[in-house]
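Please open the model in your viewer and keep the selection panel at hand. The tour below proceeds from one selection to the next and states what is to be found at each stop.

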Amino acid sequence: MKRNATAVWKGTLKEGNGVLTTDSKVLDNTQYSFKTRFEDGIGTNPEELIAAAHSGCFTMQLSAYITEEGFEIESLETECAVDFQDKSVVGSHLTVKGKVKDISEDMFQELVSKAEKTCPISRLLDTKITSEATLL
């Protein structure tokens, strides 16, 4: 399976701008620029897209592990903060809140840690990955 996206950029780094499009059209000529990456502006940026991919992938992996253990998920909500410094992604921090019927705190934390280490995006990223979890 392959997934595709296309970036089109016009102009210089600081004054130029670009658009991103995915095959699914979820992103369809979605604006990105220097301002959306390093300042405030309407549009997205690569680090925000990494954060979305990481939070989504991690949450799906955690869901799989919880289900494999026989627990019923009411909800999982994950926020991901990607830290971009000195021209590099230097960290990705996952904060998850979960409502899972009958799961113990220890089991929930164990499965969060397992998902943090094994989701495909975590394995892809060459950076420090951390997580914190709250069982609601």
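**Aromatic rings**

This is a predicted model, and the count of aromatic pairs in it comes to 3. Select Phe38 and Phe84 to begin: these two residues form a tilted aromatic pair, with 5.9 Å from centre to centre and 40 degrees between the planes. A pair counts as tilted when its planes are neither under 30 degrees apart nor over 60. Phe38 belongs to helix H1 (residues 34–38) and Phe84 to strand S4 (residues 72–85), so the pair ties together parts that lie 46 residues apart in sequence.

Are these rings buried or exposed? Phe38 has a relative accessibility of 42% and counts as partly exposed. Phe84 is likewise partly exposed, at 26%. Now add Phe34 to the selection: ring pairs link Phe34, Phe38 and Phe84 into a cluster.

Next, select Tyr65 and Lys114. Lys114 lies over the face of Tyr65, at 4.3 Å from the ring centre.

**The whole chain**

Return to the full chain and colour it by secondary structure. The chain has 4 helices and 6 strands. Read from the N terminus, the order of the elements is β-β-β-α-α-β-β-α-α-β. The C-alpha trace spans about 55 × 30 × 25 Å along its principal axes.

Of the 136 residues, 33% count as buried. Among contacts between residues at least 6 apart in sequence, 51% join residues at least 24 apart.

**The largest pocket**

Which residues should be selected to display the lining of the largest pocket? They are Arg3, Asn4, Ala5, Thr6, Ala7, Leu20, Thr21, Thr22, Leu27 and Leu49. Strand S1 (5–10) and strand S2 (17–22) are the elements that give two or more residues to this lining. Colouring the selection by residue type divides the lining into 5 nonpolar, 4 polar and 1 charged. The volume of the pocket is about 280 Å³.

**Two residues with positive phi**

Select Asn29, which is in the loop between S2 and strand S3 (30–33). Asn29 is not a glycine, yet its phi is positive, at about 55 degrees.

Then move to Asp102, in the loop between strand S5 (88–101) and H3. Asp102 also has a positive phi, of about 65 degrees, although it is not a glycine. With a relative accessibility of 76%, Asp102 counts as exposed.

**Along helix H2**

Select Glu48, a residue of helix H2 (residues 46–68). Glu48 is partly exposed, with 42% relative accessible area. To view a span from this position, draw a distance from the C-alpha of Glu48 to that of Leu62: the two residues are 14 apart in sequence and 21 Å apart in space.

**Along helix H3**

Three residues of one helix complete the tour. Start with Gln109, which is in helix H3 (residues 105–118). Gln109 counts as partly exposed, at 29% relative accessibility. The C-alpha atoms of Gln109 and Glu132 are separated by 8.5 Å, while the two residues are 23 apart along the chain.

Proceed to Glu116, also in helix H3. Is Glu116 buried or exposed? Its relative accessibility is 12%, and Glu116 therefore counts as buried, since the cut-off for that class is under 20%. Leaving aside neighbours within four places in sequence, Glu116 is in contact with Phe58, Ser122, Ile129, Thr130 and Ser131. A further distance may be drawn to Asp83, which is 33 residues from Glu116 in sequence and 16 Å away, C-alpha to C-alpha.

Finally, select Lys117, which is likewise in helix H3. Lys117 has a relative accessible area of 53% and is exposed. Beyond its neighbours within four places in sequence, Lys117 is in contact with Ser122 and Arg123. Ser122 thus appears in the contact lists of both Glu116 and Lys117. For the last distance, choose Lys117 and Ile129: their C-alpha atoms are 8.1 Å apart, at a separation of 12 residues in sequence.

Definitions and conventions: Residues are numbered from 1 along each chain as its sequence is written. This is a predicted model: local features need pLDDT of at least 70, side-chain atom pairs count only at pLDDT 80 or more; totals for chains, interfaces and linings use all residues. Side-chain values use heavy atoms; hydrogens and water are left out. On a 1 Å grid over the protein atoms alone, a cavity is a set of points where a 1.4 Å probe fits but cannot get out, and a pocket is an open set with protein on both sides within 12 Å along at least five of seven lines; lining residues have an atom within 4 Å of a point. Grid points are joined across faces, edges and corners, and a volume is the space filled by probe spheres set on the points. Ala, Val, Leu, Ile, Met, Phe, Trp, Tyr, Cys and Pro count as nonpolar, Asp, Glu, Lys and Arg as charged, and the others, Gly among them, as polar. Rings of Phe, Tyr and Trp (its six-membered ring) pair if their centres lie within 6.5 Å; planes under 30 degrees apart count as stacked, over 60 as edge-to-face and the rest as tilted. Buried means under 20% relative accessible area, exposed over 50%, partly exposed in between (1.4 Å probe, protein chains only). A charge sits over a ring if NZ of Lys or CZ of Arg is within 6 Å of the ring centre and within 35 degrees of the ring normal. Contact means heavy atoms within 4.5 Å.
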